[in-house]
Amino acid sequence: AQAILAQAPMTVSRPAQPGAMLSASATARLRRWVTDFRTERRSRRLSAAAGARPAQPSPAEPLSRLVSLVRETATQISACLELFRNLQSNFARGVQDFLVLDSAGLDDPALGLLRICLTLFQECEPLLKGEGLQRLSTYWDHVAEDCENIAGIVRSRDEAFRELRHYEEKVAWLKTRAGHAPPSGASDSEEEIGGELLPEAPVRRRDRLSRNQEKLSRARGLVETNRAAWEAELRAFEGRRAGHARALLLGLLGGYCRLLGDFGSQAADAAEALEGELKPGTAVRVMGLPGHEAGGCPATFTNTEEGTGRCVVSLQDGEKTAVRPESICPAGPAEVSLEPARGPCSSGCEADVRCSGLDGPVSEVLVNGQHVEVLSATCWGARIRLPPCAVKGHVRVEVRAARWRQRVAVAEAGFQYYEPIGFGPHGKNIQLAAEPGAPAGPEATKALATRVSGLLDGVALTASPLPAVPLEGLPQVVRYYYEIEVQEVAQRVTGTTRTLSLGFAWSGQRPQAPLVQEASGGCFAGIAAASTSASSTRMPEMARNLPRAFVVGGDLPRVYLAGKELSKVTGWRPLFDVGAGAVLGALLQVQTGTARLTILQDGVVRCAVDAELPDGRWDGPPHGAVDVCGTVQRVALRQGVEIPRAALQGACGEAPAPGPSSPSGARGTAQRRCLSMESSGPARPRD
């Protein structure tokens with residue numbers, strides 16, 4: 001402005017002549033400057049009014065910053081997970097390329113652990129995509145939009161109040177000025193600016209006051225109109241703010257912790273396998289020692305030296321040495337075995353424990369988590385006494401040496417408990433006895449049946465019905481199985497056709513009914529009644545005469561059902577095929593009134609026949625039936641047996657593959673060909 005005045009031909013502070021005027025260009029420039037000055041002064045007044053009252057931060061500002069923090073953190077976590085996933089994939093591909101080029105580069109234990117880890121990588125692939133965190137982004141966007149809306153409301157409110165305060169102050173100033181006389185020498189058309197009197201615009205001061213009063217009225221109306229809406233929105237946001245903050249933080253932390261938890265639970269097995277490969281007491285082989293170049297030197301891992309990281313191992317001669325970790329590899333888990341591997345549930349038994357991988361004498365043995373009595377112990381085993389067990393099946397055996405926390409060997413299915421099975425009802429020429437070494441006394445299980453005279457009256461039945469063996473996937477099929485071992489066979493007499501038969505017999509009563517008593521005529525009628533008093537029931541001379549029995553045997557071998565011949569059997573001839581030491585198994589499969597009887601010898605299926613059971617009296621579990629007849633003189637029931645795999649190839653109604661004929665049978669080759677039966681379907685008894 002001073003420059004404009006300096007360039008003007010006449011001064012404006014005190015005109016030399018009353019009518020002197022500025023040039024047209026200077027006047028235009030001066031008026032533009034005055035307009036700019038007034039605009040700047042208004043801005044300064046608004047700023048001063050705002051500065052006099054410190055601006056309050058928006059209530060949405062902290063929450064908006066929290067949304068930005070959560071979104072940025074989740075983005076970085078997802079990026080790290082993607083990087084982690086790529087590293088795992090690249091590592092897996094690199095290891096596979098290595099194994100292709102060098103298939104012998106890793107030993108079997110290392111390959112097993114590597115397979116576990118690669119499977120873990122594959123299973124964790126969906127977790128590392130971070131889909132759980134990505135699903136939260138929709139809610140974050142909603143909160144950010146809510147914060148932006150509230151921030152806009154706050155800005156509109158503050159701007160309206162600033163405008164109101166500005167016009168209130170300006171109207172007050174104009175009213176004050178309207179009552180003040182202008183300075184001497186100044187006219188109504190002049191304005192004092194910066195100590196200079198400038199010509200004022202044509203609009204009078206009263207016009208300015210009226211115009212600003214009108215603006216003040218509009219600003220006040222805007223505030224009064226929107227005040228209630230602004231306060232309502234802010235109160236509603238105050239109620240939502242805590243919920244938004246809680247959901248943001250806990251949503252991110254919950255998704256992140258859930259991700260870590262899922263990954264950790266899946267990686268726990270792999271970590272346990274890796275850590276358990278080499279722990280104190282593990283049998284290892286040390287490579288590179290002099291004199292043990294081939295296969296390494298057997299040793300036991302003791303501990304790891306702190307600082308050096310070397311592995312301390314104990315050699316077979318007791319010497320301890322520290323070697324590099326790459327010089328040792330596990331020699332395999334310690335092996336635990338028991339002899340005998342089976343025992344009865346009702347009474348305990350003694351057994352010899354054998355184990356490897358321990359470097360000290362056995363101090364404790366645990367069976368199914370319970371301490372057992374150790375009768376004697378060495379560095380490689382112990383003699384123990386096993387207690388009775390209420391539940392049959394396999395149990396865990398754990399062998400501990402001195403300082404067992406560093407020396408332990410485990411067999412998950414080291415011993416099997418079974419329900420003992422023995423003979424009960426029998427013929428007059430049969431003598432029952434317990435096996436050698438079994439506990440003596442009246443409660444002893446009589447598993448031996450010996451025919452002491454004659455060729456007939458050698459029928460022996462199990463003392464109690466056989467337990468059912470469930471068939472997985474086929475609950476409607478019920479199976480019963482037992483095995484005998486032929487211990488003594490007499491020399492064959494020319495012309496005799498008497499020989500062993502075996503199968504199953506029913507007591508003739510439904511399971512819920514009381515046991516039947518002896519039938520008239522002295523024929524076999526009640527198996528269970530005879531089991532309590534063997535002399536009160538007269539057994540038939542041969543098993544094929546039992547009224548409710550399903551048996552196979554004799555020579556030529558035939559099938560008998562309910563005392564009547566059912567069919568001939570080819571593929572098995574016990575007169576020639578069964579000798580001392582032979583193990584015979586009888587498997588019965590029952591399904592809705594149809595029964596299949598399968599005979600096995602030494603684990604091989606020799607014959608099988610189907611039949612329809614006559615009536616409901618054949619329901620319930622049967623007894624095992626053995627006819628110690630003719631050439632066979634002594635048999636023993638085997639304990640704790642399981643159905644051979646060969647007999648499980650077909651369910652009820654499917655014919656299993658026949659087994660090979662015994663090479664000892666030179667006679668009767670026409671009868672010992674492929675398994676076949678005279679009828680294709682279930683046979684019926686012949687009169």
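**Exercise 1.** In this predicted model, which side chains meet in the salt bridge of Arg-400, and at what N to O distance?

Solution.
- Step 1. The partner of Arg-400 is Glu-398, and the N to O distance is 3.0 Å.
- Step 2. The cut-off for a salt bridge is a nitrogen within 4 Å of a carboxyl oxygen, and the 3.0 Å of Arg-400 and Glu-398 meets it.
- Step 3. Arg-400 and Glu-398 are both buried.
- Step 4. Glu-398 also has a place in strand pairing: Val-410 in S16 stands opposite this residue.

**Exercise 2.** State how strand S15 and strand S16 pair, and place them in their sheet.

Solution.
- Step 1. S15 covers residues 393-401 and S16 covers residues 408-418.
- Step 2. Seven bridges join S15 and S16, in the antiparallel sense.
- Step 3. The sheet is open, has five strands and runs in the order S9-S16-S15-S11-S12, with mixed pairing.
- Step 4. At the edges stand strand S9 (342-344) and strand S12 (370-371), each of which pairs on one side only.

**Exercise 3.** Arg-596 forms a salt bridge with Asp-610. Work out which strands this contact ties together, and whether the two residues are buried or exposed.

Solution.
- Step 1. The closest N and O atoms of Arg-596 and Asp-610 are 2.6 Å apart.
- Step 2. Arg-596 belongs to strand S28 (residues 594-601) and Asp-610 to strand S29 (residues 604-612), so the contact ties together parts 14 residues apart in sequence.
- Step 3. Buried means under 20% relative accessible area. Arg-596 has 3%, so Arg-596 is buried.
- Step 4. Asp-610 has 13%, so Asp-610 is buried as well.
- Step 5. Another group of residues forms one network through salt bridges that share partners: Glu-350, Asp-352, Glu-373, Arg-383 and Arg-385.

**Exercise 4.** How many salt bridges does the structure count? Describe the one between Glu-231 and Arg-235.

Solution.
- Step 1. The count is 27 salt bridges.
- Step 2. The side chains of Glu-231 and Arg-235 meet at 4.0 Å, N to O.
- Step 3. Both residues lie in helix H7, and they are four residues apart, about one turn of the helix.
- Step 4. The class "exposed" begins over 50% relative accessible area. With 39%, Glu-231 counts as partly exposed.
- Step 5. With 56%, Arg-235 is exposed.

**Exercise 5.** How many aromatic pairs does the structure hold? Classify the pair of Phe-84 and Phe-263 by its geometry, and then locate the two residues.

Solution.
- Step 1. The structure holds five aromatic pairs.
- Step 2. A pair of rings is described by the distance of the centres and the angle of the planes.
- Step 3. For Phe-84 and Phe-263 the centres are 6.0 Å apart and the planes stand at 50°, so this pair is tilted.
- Step 4. Phe-84 is in helix H3 (residues 61-101) and Phe-263 in helix H7 (residues 205-276), so the pair ties together parts 179 residues apart in sequence.
- Step 5. Phe-84 has 35% relative accessibility and therefore counts as partly exposed. Phe-263, at 21%, also counts as partly exposed.

**Exercise 6.** Repeat the analysis for Phe-91 and Phe-121.

Solution.
- Step 1. The centres are 6.2 Å apart, with 75° between the planes, and the pair is edge-to-face.
- Step 2. Phe-91 lies in helix H3 and Phe-121 in helix H4 (residues 108-123); the pair links distant parts of the chain, 30 residues apart.
- Step 3. Phe-91 has a relative accessible area of 45% and is partly exposed.
- Step 4. Phe-121 has 19%, which is under the 20% cut-off, and is buried.

**Exercise 7.** Which residues form a nonpolar surface patch with Phe-84?

Solution.
- Step 1. The residues are Leu-83 and Leu-87; together with Phe-84 they have about 290 Å² of accessible area.
- Step 2. Leu-83 is in helix H3.
- Step 3. The relative accessible area of Leu-83 is 51%, so Leu-83 is exposed.

**Exercise 8.** Describe the strand partners of S3.

Solution.
- Step 1. Strand S3 (residues 283-286) pairs with strand S4 (residues 297-304) in the antiparallel sense over four bridges. Within this pairing, Ala-283 has Thr-300 in S4 as its bridge partner.
- Step 2. S3 also pairs with strand S7 (residues 328-330), in the antiparallel sense over three bridges. Here Val-286 stands opposite Ile-328 in S7.

Terms used:
Residues are numbered from 1 along each chain as its sequence is written. This is a predicted model: local features need pLDDT of at least 70, side-chain atom pairs count only at pLDDT 80 or more; totals for chains, interfaces and linings use all residues. Side-chain values use heavy atoms; hydrogens and water are left out. Rings of Phe, Tyr and Trp (its six-membered ring) pair if their centres lie within 6.5 Å; planes under 30 degrees apart count as stacked, over 60 as edge-to-face and the rest as tilted. Buried means under 20% relative accessible area, exposed over 50%, partly exposed in between (1.4 Å probe, protein chains only). Patches are made of residues with over 30% relative accessible area and no salt bridge: like charges are joined within 9 Å, nonpolar side chains (Val, Leu, Ile, Met, Phe, Trp, Tyr) within 5 Å. Accessible areas come from the Shrake-Rupley method with a 1.4 Å probe; for residues, only the protein chains shown count as cover. Two strands pair if DSSP finds at least two bridges between them.
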